[in-house]
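Let's take a friendly walk through a protein model and see how its parts fit together. Have the structure open beside you and look up each residue as it comes along.

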Amino acid sequence: MSETQFDVVIAGGGLVGLSLAALLGQAEFKVALVESREPQLDWPQGSVDLRVYAISRASAELLRSVDAWPLIEAQACAYREMHVWDAGGGGDIHFDSAELGEPGLGHIVESRVIEKALLTVIGQLSAVTRFCPVGIASFDAADDRRAVVLEDGRVLSAALLVGADGKHSRVRDHAGIHAQVSNYGQQALVAVVACERGHADTAWQRFLPTGPLAFLPLRDGRCSIVWSATTDEANRLLALDDAAFCEALGEAFDFRLGKVLDVGERVLFPLVRQHAERTVAPRLALVGDAAHVIHPLAGQGVNLGFKDVRELADVLIAARQQRRDIGALSVLRRYERARKGDNMATMLAMDGFKHLFGSRVPPVRWLRNAGLDLVDAATPVKHLIMRAAMGL
Ligand SMILES: Cc1cc2nc3c(=O)[nH]c(=O)nc-3n(C[C@H](O)[C@H](O)[C@H](O)COP(=O)(O)OP(=O)(O)OC[C@H]3O[C@@H](n4cnc5c(N)ncnc54)[C@H](O)[C@@H]3O)c2cc1C
């Protein structure tokens, strides 16, 4: 079978792989994008994807830069405020974008809406060729190229192979890069719910001893919930009938939006923390969940992936301008160095929050309550946190 040459082969067309293909395609790199799953392009009116993301301001900027944001914004819910409080005491913190003179903190968007917008953008880029739906059968490497052999026998080779193939990345395995995995022993229960009171364009999060519970505002007035709990507790919640679940959810949420009136399909996602010990190798780079998986409590996973994409694209564009080999390790290390600190800091912060709020030890409970109130009162610290969450 003949081999087709590209500048970059991207394995994995989730949101991270798609956005990288769009950026590199616009910069006129010849890109192959390989994805094994058929995307969802149509859905019944009034339905909501269970995968709903809090998209930071920085991520919206990236999506705007590839012309995808105008296709997304009309279907996104802008949120201006956020309330975080602790079930184990009176600690409470309130973030309001108006305090920063900003129009909003971010947007809540369905994953499939972003996916469809990026596919529309990519469909107009002659530099990007999509191979979908098809999986990768094997890999090959030489000094001057990396190649993937598709399950249908086609061979794609490039100066650079990018693994955007999620947490079970085969590209990472192919490169022999070890990923450190720790299981949180938690599952996230995800569902769409209707409440007695409107969400007030606010994201809500309550820390329970069993894990955080988030209510994210949707455009149609309902909320998407992410309820992280121990595996036993999550299975118990999944097994409840709808009425009992709504009652348990309302109570767990302090009835902040009144009673929970209705719940749709409920799905569990296992929660793990994972980080690749390296994110580059000769002619190879990892982005998004292939490089790092974090707890969803602050809704930062795909936002971190978009930051990887921005950095990697900038490094590759600069290397080409300087007539350097885009697959050279010395070039790719710039990407690794630039992203390492931010990715690690976010991962550790998520872990810190999880352990702090999961603790039943009284001094820790006192500290975290006092901490929430102190942060709420200390305006500069609060503004710093808000800016970080917005990705600014
Ligand atoms: C419950 C929950 C809530 C979350 N909420 C948020 C949030 O609010 N905000 C946020 O920023 N993040 C959130 N996240 C994290 C977010 O889901 C991930 O960080 C994000 O989906 C990672 O995107 P990705 O493109 O890197 O990987 P993926 O979405 O996993 O995409 C990888 C793609 O590669 C494809 N693929 C894999 N192997 C192959 C192969 N061999 N050949 C071809 N294709 C392949 C897969 O089909 C898939 O499409 C949440 C996660 C969970 C579990």
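## A salt bridge between two loops

Asp-325 has a relative accessibility of 35%, so this residue counts as partly exposed. Keep in mind that you are looking at a predicted model. Asp-325 forms a salt bridge with Arg-283, and the closest N and O atoms of the two are 2.5 Å apart. Asp-325 sits in the loop between helix H8 (301-321) and helix H9 (329-358), while Arg-283 sits in the loop between strand S18 (280-281) and strand S19 (284-286), so the pair ties together parts that are 42 residues apart in sequence. What about the partner's surroundings? Arg-283 has a relative accessibility of 10% and therefore counts as buried.

## The chain as a whole

Now step back for a wider view. The protein chain has 11 helices and 20 strands. Of its 392 residues, 52% count as buried. Take the contacts between residues at least 6 apart in sequence: 74% of them join residues at least 24 apart.

## More salt bridges

How many salt bridges does a search of the whole structure find? The search finds 19. Side chains of opposite charge can pair when their charged atoms come close.

One of these pairs is Arg-37 with Glu-115, whose side chains meet at 3.0 Å, N to O. Arg-37 lies in the loop between S2 and S3 and Glu-115 in helix H4 (residues 111-123), so this bridge ties together parts that are 78 residues apart in sequence. Arg-37 counts as partly exposed because its relative accessibility is 40%, whereas Glu-115, at 7%, counts as buried.

Another pair is Asp-254 and Arg-206, with a salt bridge of 3.3 Å, N to O. This pair also links distant parts of the chain: Asp-254 is in the loop between helix H7 (242-252) and strand S16 (260-263), Arg-206 is in strand S13 (residues 202-208), and they are 48 residues apart. Asp-254 is partly exposed, with a relative accessible area of 36%, and Arg-206 is buried, with a value of 9%.

Salt bridges can also join up into a network, as they do among Lys-307, Asp-308, Arg-339 and Asp-342.

## A charged residue without a salt bridge

Which side chain of opposite charge is nearest to Asp-49? That is Arg-112, 4.6 Å away; Asp-49 is buried yet has no salt bridge. The cut-off here is a side-chain nitrogen of Lys or Arg within 4 Å of a carboxyl oxygen of Asp or Glu, so 4.6 Å does not qualify.

Asp-49 belongs to the loop between strand S2 (31-34) and strand S3 (52-56). Its side chain reaches the backbone nitrogen of Arg-51 at 3.2 Å. Leaving aside neighbours within four places in sequence, Asp-49 is in contact with Glu-110, Ser-111 and Arg-112.

## Around the ligand

The ligand is surrounded by 29 residues, and the closest are Glu-35, Tyr-53, Ala-54, Asp-289 and Val-302. The table lists polar side chains together with their distances to an oxygen atom of the ligand.

| Residue | Distance from a polar side-chain atom to a ligand oxygen |
|---|---|
| Glu-35 | 2.6 Å |
| Tyr-53 | 2.8 Å |
| Arg-51 | 3.4 Å |

Arg-51 is a residue you have met before, since its backbone nitrogen is reached by the side chain of Asp-49.

## The nonpolar cores

In soluble globular proteins, nonpolar side chains tend to be buried together. Here the largest nonpolar core has 51 residues, of which Ile-10, Ile-72 and Leu-312 touch the most other members. Apart from this core lies another, of 24 residues, including Cys-223, Ala-229, Ala-252 and Val-260.

## One last stop: Thr-202

Is Thr-202 buried or exposed? Thr-202 has a relative accessibility of 2%, so it counts as buried. Thr-202 is found in strand S13, the strand that also holds Arg-206. Not counting residues up to four places away in sequence, Thr-202 touches Tyr-79, Glu-81, Met-82, His-83, Phe-215 and Pro-217. Thr-202 and Ala-78 are 124 residues apart in sequence, and their C-alpha atoms are 8.7 Å apart in space. Finally, the side chain of Thr-202 reaches the backbone oxygen of Ala-200 at 2.7 Å.

Note on methods
Residues are numbered from 1 along each chain as its sequence is written. This is a predicted model: local features need pLDDT of at least 70, side-chain atom pairs count only at pLDDT 80 or more; totals for chains, interfaces and linings use all residues. Side-chain values use heavy atoms; hydrogens and water are left out. A nonpolar core is a set of buried Ala, Val, Leu, Ile, Met, Phe, Trp, Tyr and Cys residues joined through side-chain atoms within 4.5 Å. Buried means under 20% relative accessible area, exposed over 50%, partly exposed in between (1.4 Å probe, protein chains only). Helices (H or I, at least four residues) and strands (E, at least two) are DSSP runs, numbered from the N terminus. Lys and Arg count as positive and Asp and Glu as negative; His and the chain ends are not counted. A polar contact is a pair of N or O atoms within 3.5 Å; within protein, one must be able to donate a hydrogen and the other to accept it, and residues adjacent in sequence count only if both atoms are side-chain atoms. Contact means heavy atoms within 4.5 Å. A residue is near a molecule or strand if one of its heavy atoms lies within 4 Å of it.
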